[in-house]
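Student: I have a model open and would like to learn how to read its features one by one. Could you walk me through it?

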There are 2 protein chains.
Amino acid sequence: MNFNEIAALDKADPLANKRDEFDLPADTIYLDGNSLGALPKTVKSRVAEVVSQQWGCHLIRSWNDHQWIDLPTRVGEKIAPLIGAAKGQVICCDSISVNLFKLLSSALSLNSQRNMVLSTEDNFPTDLYMVQGLSNLLGPELCQLTLVAEQDIEQSLNDKVAVLLLTQVNFRTGQLLDMQKLTKLAHEKGILVIWDLAHSAGAIDVELDKCHADFAVGCGYKYLNGGPGSPAFLYVAKRHQANVKQPLAGWMGHAKPFAFDATYQGADNINQFLSGTPSVIAMSALDAALDTWQDVDMAKVREKSIALADVFIKLLQAHPSLIDLRLCSTEDSSQRGSQLAFAHTDAFAICQALIERGVIADFRAPNILRFGFTPLYTSFEDVWNAVTILVDVVETQLYKESRFNLAGKVT
Amino acid sequence: MNFNEIAALDKADPLANKRDEFDLPADTIYLDGNSLGALPKTVKSRVAEVVSQQWGCHLIRSWNDHQWIDLPTRVGEKIAPLIGAAKGQVICCDSISVNLFKLLSSALSLNSQRNMVLSTEDNFPTDLYMVQGLSNLLGPELCQLTLVAEQDIEQSLNDKVAVLLLTQVNFRTGQLLDMQKLTKLAHEKGILVIWDLAHSAGAIDVELDKCHADFAVGCGYKYLNGGPGSPAFLYVAKRHQANVKQPLAGWMGHAKPFAFDATYQGADNINQFLSGTPSVIAMSALDAALDTWQDVDMAKVREKSIALADVFIKLLQAHPSLIDLRLCSTEDSSQRGSQLAFAHTDAFAICQALIERGVIADFRAPNILRFGFTPLYTSFEDVWNAVTILVDVVETQLYKESRFNLAGKVT
């Protein structure tokens with residue numbers, strides 16, 4: 001592949017114009033939007049307006065006058081079309097961890113004859129921790145975590161399993177699980193499924209309703225670009241909403257939050273899954289970031305995501321000097337999310353050297369170098385340049401310099 | 001009392017210079033800082049810097065380089081001296097509702113021979129809802145809520161009670177409970193106490209350590225001025241930290257959050273009470289707001305808070321036309337927080353008319369008009385002017401005009 005071919009890909013890219021909607025630092029190739037999305041320009045002005053005008057000038061009145069009170073619903077409804085959900089099923093609130101606790105409790109209560117939560121050994125740790133926390137609270141007779149390898153999920157579905165908890169795209173390898181197939185197989189065994197969309201919402205064309213999904217959680221600060229620690233979201237299929245009671249029964253989930261009743265009566269819709277008061281500034285940032293998505297076709301996002309990663313692999317494979325970078329992600333793009341993982345003994349040092357050279361990737365212990373591809377603001381030229389720099393870092397052995405080999409914090 | 005006396009009070013006020021640190025809208029007298037604090041000027045620049053520089057330019061690297069990862073601890077340690085807590089006991093995270101769930105579970109597990117959570121009928125609803133949510137999850141044999149009137153707390157302390165859940169300052173009446181006495185009485189009966197400081201942190205001189213408090217939660221967006229829906233905080237006395245496991249076991253509470261272990265091992269310090277990733281923008285706003293407090297003596301805050309409310313009452317009582325505004329707060333300032341409540345048949349309409357005239361108070365169903373006094377930015381002249389306008393609204397019967405009598409939303 002030569003540079004002319006790369007330029008042709010950018011020229012033909014239907015999403016190329018989206019890049020202008022982001023503030024990206026000069027001299028940086030950002031391949032870590034799977035960890036923290038870049039800053040949409042519209043967020044800057046929105047946050048300034050919320051702080052100075054809505055809060056500073058209008059003060060308490062903004063709860064009504066600027067509809068702060070409806071933010072969780074409004075933001076949820078903006079996320080819904082990106083993950084294939086019809087109205088009334090998605091709401092923005094809390095963190096993924098806290099939302100998982102709500103959904104795990106809900107799903108277990110719907111399947112109370114069983115106690116097993118099945119998940120994968122390589123699931124994102126906080127997901128497993130939340131099951132362990134619930135298990136510790138309820139006791140193993142009511143909630144028991146069982147872990148299996150990703151390839152053993154199907155054969156582990158049986159009538160002891162209450163809830164299957166899966167992350168659609170593996171945070172390390174980028175392995176994409178088959179939501180439609182696994183949900184169907186689980187349902188056949190009477191199992192409810194919770195999908196974690198942390199690495200898929202905004203990256204691939206998620207189809208929750210079409211897959212008859214039960215529950216899902218997802219992240220605002222990765223591909224959705226809502227800012228560091230942006231509020232998360234959750235999805236509960238309409239058919240389950242009136243049948244569950246989630247335990248974090250805060251005032252915002254009350255059927256009549258302003259009646260100030262002493263007795264909790266959860267809303268019979270998605271609002272029940274709200275708990276305490278959310279940060280208006282943080283949620284407004286995500287709200288503004290979501291405007292960037294309004295004219296975006298998720299099928300085009302998926303198409304470009306695959307093309308970016310395929311080009312990256314192709315360019316890498318053309319360089320014999322990169323032979324020690326072992327691809328841990330599948331080459332089958334239909335089974336991959338929007339990131340690539342490579343194992344290398346010196347992954348940490350290579351990552352640090354790349355960052356110094358302006359290519360931001362990330363490292364995951366013990367030896368993984370991760371590159372994320374965010375179709376809204378990553379170009380094929382970025383991929384070309386990143387590989388050029390990676391080749392240089394490896395061929396010149398720049399990464400062997402002592403400053404890159406410090407034991408660093410991992411983010 | 002005449003205006004000269006008012007002016008003299010402002011002149012002698014040691015906190016008078018703090019007002020310049022806030023952005024307050026012109027032509028507004030803001031007496032609702034007990035609901036949403038005003039905007040500290042420093043927050044505007046900090047939020048802009050976090051969004052544009054830390055996030056926009058420095059991207060993922062800011063987790064280390066701008067110490068995002070330590071924000072919950074750093075902010076907690078800034079709050080600690082305002083509530084009489086030594087280091088290592090306060091952390092900033094989640095909402096009050098979610099934090100109450102963590103502490104209720106923790107306190108019940110320490111007192112597992114008992115199942116009763118005792119609280120007051122007039123406690124803030126979300127506090128009661130969280131107990132109900134936990135009770136629904138665990139079953140009444142493990143968690144059962146009992147409510148009594150505020151005046152019956154003492155006589156209700158017995159060896160069936162596991163946890164006493166109290167809000168130090170009543171959200172409606174401003175009634176201040178005696179933290180020292182009630183904590184001591186509770187401990188004598190083997191009861192653990194959770195204090196909700198929503199209406200006291202930043203308003204009165206809270207002394208958690210001195211009162212041998214066990215647990216507390218509090219709010220960032222009222223007197224601490226962290227912005228709408230600002231993250232909350234929690235306090236766990238050192239002596240309890242290694243003996244409890246809170247159930248919302250997210251990755252940030254892990255002893256080694258970056259080890260990515262599949263098994264949760266909670267930190268043996270206050271960090272265990274963290275759960276998921278917090279909003280960096282929202283928590284940075286609170287962090288900046290807390291800088292305003294660094295040279296503030298809480299004893300002076302308490303003194304001025306009492307003086308402001310006393311002057312308000314005195315001025316009101318000098319006007320016979322205000323006889324129908326019945327004070328529901330105690331006149332004994334030692335038993336009062338930093339707000340006053342008045343009952344009036346037309347409280348809603350009076351509140352609306354006041355707001356139109358630039359005096360922002362708030363309404364609490366069914367018939368309460370609430371005035372909050374925030375010593376950092378409220379002057380005695382504000383109080384004088386507010387009463388003047390209130391007198392005018394009542395004497396001219398302005399509030400009887402139809403536009404003020406719409407059934408409005410309550411915030």
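Tutor: Gladly! Let us begin with a term: helices (H or I, at least four residues) and strands (E, at least two) are DSSP runs, numbered from the N terminus. With that, B:Pro366 can be placed in the loop of chain B between β14 (362-364) and β15 (368-372). Keep in mind throughout that this is a predicted model.

Student: Which peptide bond leads into B:Pro366, and what is its geometry?

Tutor: The bond from B:Ala365 to B:Pro366 is cis, its omega being near 0 degrees. Chain A has a cis bond from A:Ala365 to A:Pro366, also with omega near 0 degrees, and A:Pro366 sits in the loop between β14 (362-364) and β15 (368-372) of chain A.

Student: How many helices and strands does chain A have?

Tutor: Chain A has 12 helices and 15 strands.

Student: Next, the two copies. How is chain B laid on chain A?

Tutor: In general, two copies of a chain are related by a rotation about an axis and a shift along it. Here a turn of 180 degrees with a shift of 0.0 Å along the axis lays chain B on chain A, at an RMSD of 0.0 Å. The two copies are therefore related as by a two-fold rotation axis. B:Ala282 has the C-alpha nearest that axis in chain B, 2.9 Å from it. Both copies use the same surface, since 100% of the contact residues of chain B recur in chain A.

Student: What radius of gyration does chain A have, and what would a compact globule have?

Tutor: A compact globule of 411 residues would come near 22 Å, and chain A agrees with its 22 Å. Its C-alpha trace spans about 70 × 55 × 40 Å along the principal axes.

Student: What share of the residues in chain A is buried?

Tutor: Buried means under 20% relative accessible area, and 63% of the 411 residues in chain A are buried. Of the contacts in chain A with a separation of 6 or more, 74% join residues 24 or more positions apart. Chain A exposes about 14500 Å², with 49% of that supplied by carbon and sulfur atoms.

Student: And how many charged side chains, positive and negative, does chain A have?

Tutor: Chain A carries 35 positive and 47 negative side chains, and the centres of these two sets are 3 Å apart.

Student: Let us look at the backbone. Which sign does phi have at A:Leu59?

Tutor: A:Leu59 has a positive phi of about 50 degrees, although this residue is not a glycine. A:Leu59 belongs to the loop between α2 (41-57) and α3 (62-65) of chain A. With a relative accessible area of 0%, A:Leu59 is buried. In chain B, look at B:Asp94, another residue other than glycine with a positive phi, near 45 degrees. B:Asp94 is in the loop between β4 (90-92) and α5 (96-110).

Student: Is B:Gln54 buried or exposed?

Tutor: B:Gln54 counts as buried because its relative accessibility is 9%. B:Gln54 lies in helix α2 (residues 41-57) of chain B. Neighbours within four places in sequence aside, B:Gln54 is in contact with B:Glu49, B:Leu59, B:Ser62, B:His66 and B:Trp68.

Student: Where is B:Asn64?

Tutor: B:Asn64 is in helix α3 (residues 62-65) of chain B, and at 25% relative accessibility B:Asn64 counts as partly exposed. The C-alpha atoms of B:Asn64 and B:Leu147 are separated by 46 Å, with their positions 83 residues apart along the chain.

Conventions: Residues are numbered from 1 along each chain as its sequence is written. Chains are lettered from A and ligands numbered from 1 in the order in which they are written. This is a predicted model: local features need pLDDT of at least 70, side-chain atom pairs count only at pLDDT 80 or more; totals for chains, interfaces and linings use all residues. Side-chain values use heavy atoms; hydrogens and water are left out. Copies are superposed by least squares on the C-alpha atoms of residues with pLDDT of at least 70 in both. Contact means heavy atoms within 4.5 Å. The radius of gyration is taken over C-alpha atoms; the globule rule is 2.2 Å times the number of residues to the power 0.38. Buried means under 20% relative accessible area, exposed over 50%, partly exposed in between (1.4 Å probe, protein chains only). Accessible areas come from the Shrake-Rupley method with a 1.4 Å probe; for residues, only the protein chains shown count as cover. Lys and Arg count as positive and Asp and Glu as negative; His and the chain ends are not counted. The place of a charge is taken as NZ of Lys, CZ of Arg, CG of Asp or CD of Glu.
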